[in-house]
Amino acid sequence: MDGFFDNLYQPPAWWPTTLDVPSWVPDAYSKLTPEQLWVYSALPMAINIGFYWATAFAFFLADLTLHWRGDLARHKRQKRQVRHTTDWVKYTKTAVYVFLSQLLISVPTSVLVLPAWRWRGACHTCPLPSLPTLAWQVAVIFFCEEALFFYSHWMFHQKFFYKRFHKVHHEWIMPVGAAANYAHPVEHFLANVLPPISGPLLVGVHWNVVLVWFMVASVNVVKSHSGYNFDYLGSKEHDRHHESFVCEYGILGLFDWLHGTRYIDLIRAKVRARMDSSQEQRREAISSRAAR
């Protein structure tokens, strides 16, 4: 595995060997070497975007053959997607929009955050931490991602923010993989870009772990929006969110469980409401007969 990362850390032949940095650029950037710029900015962004579109392309091929492959159709959770013809114009516009968002928001962010990585002691040549240290660091990374995404996502569902920002993302009631990062620029930055980098910045984890984390996060966000619910690759929680709008705001379900916003909690609330309504109607009927 170390050899794999060692090869990744070598800048490609076309990468500049020197950086002509203007004098007005802050020291945090002016002292960067071309290798550091590659390892801590360009490489993670390439991995993030590359794995996003590789996964999205795999699900695109599935969507392309969905209507004549029964083995795929049975894995679509929202069966309306099987019965309806895919809007390929919307699909294409969404893919272009997402790619531009990544180029204009994600890529500049990867450059802006460089001083923060250096401040946290990002290192790709240091030895890996012990397994206990790695375990708690990874746990913190997942917790930060879950907390920041849940609360930012929940915030964007409040009336003021929804109609101004989050409505864009919910144009896809029956989502597809490529639409995972389809969002207003403000939401893309706050909910899609910041949560994945916050955990690694907080704990100062080894750079190999950061790159693996970006791979996992990119694949997972596309998978969660794919609409396919394979036994080993489920997307039903977030698919239910796009279907109902008022549940499953998180990724792992931890904060949905804490705040009672799981899909099962929604069903239970509806059942209780119907039972309360039926009991009230029976009480009114009994009172009416008694009055007569």
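Let's start with helix α9, whose buried residues pack against three other helices: α8, α10 (185-203) and α12 (236-244). Keep in mind as you explore that this is a predicted model.

Which residues of α9 are the buried ones? In this helix, which runs over residues 159-166, they are Tyr162, Phe165 and His166. Their directions span an arc of only 105° around the axis, so they sit on the same side of α9. Now turn the helix around in your viewer: the face pointing away from that buried side carries Lys159 and Lys163, which are exposed.

One of those buried residues, histidine 166, leads us on to the next helix. Its side chain is joined to the side chain of glutamate 187 by a polar contact of 2.7 Å. Glutamate 187 belongs to helix α10. What is the nearest side chain of opposite charge to this buried glutamate? That is lysine 167, but it lies 13 Å away, and glutamate 187 has no salt bridge. A salt bridge would need a nitrogen of Lys or Arg within 4 Å of a carboxyl oxygen. Look around glutamate 187 and, setting aside residues up to four places away in sequence, you will find that it touches Phe156, Phe165, His166, His169 and Asn192.

Helix α8, another of the partners of α9, covers residues 131-156 and includes alanine 139. Is alanine 139 buried, partly exposed or exposed? Its relative accessibility is 45%, so it counts as partly exposed. Alanine 139 and glycine 199 are 60 residues apart along the chain, yet their C-alpha atoms are separated by 9.3 Å.

Next, let's visit the nonpolar cores. In soluble globular proteins, nonpolar side chains tend to be buried together. Here the largest nonpolar core has 27 residues, and the members that touch the most others are Tyr9, Trp117, Trp207, Leu211 and Phe214. At least two residues of this core come from each of α3 (34-64), α7 (114-119), α10 and α11 (207-225). The biggest contributor is α11, which gives 8 residues.

Tyrosine 9 is a good place to zoom in. Leaving out neighbours within four places in sequence, tyrosine 9 is in contact with Glu35, Trp38, Val39, Leu43, His124, Trp207, Asn208 and Leu211. Apart from the largest core lies another one, made of 17 residues, including Ala62, Trp172, Val176 and Ala178.

Definitions and conventions. Residues are numbered from 1 along each chain as its sequence is written. This is a predicted model: local features need pLDDT of at least 70, side-chain atom pairs count only at pLDDT 80 or more; totals for chains, interfaces and linings use all residues. Side-chain values use heavy atoms; hydrogens and water are left out. Helices (H or I, at least four residues) and strands (E, at least two) are DSSP runs, numbered from the N terminus. Buried means under 20% relative accessible area, exposed over 50%, partly exposed in between (1.4 Å probe, protein chains only). The arc is that of the directions from the helix axis to the C-beta atoms. Contact means heavy atoms within 4.5 Å. Lys and Arg count as positive and Asp and Glu as negative; His and the chain ends are not counted. A polar contact is a pair of N or O atoms within 3.5 Å; within protein, one must be able to donate a hydrogen and the other to accept it, and residues adjacent in sequence count only if both atoms are side-chain atoms. A nonpolar core is a set of buried Ala, Val, Leu, Ile, Met, Phe, Trp, Tyr and Cys residues joined through side-chain atoms within 4.5 Å.
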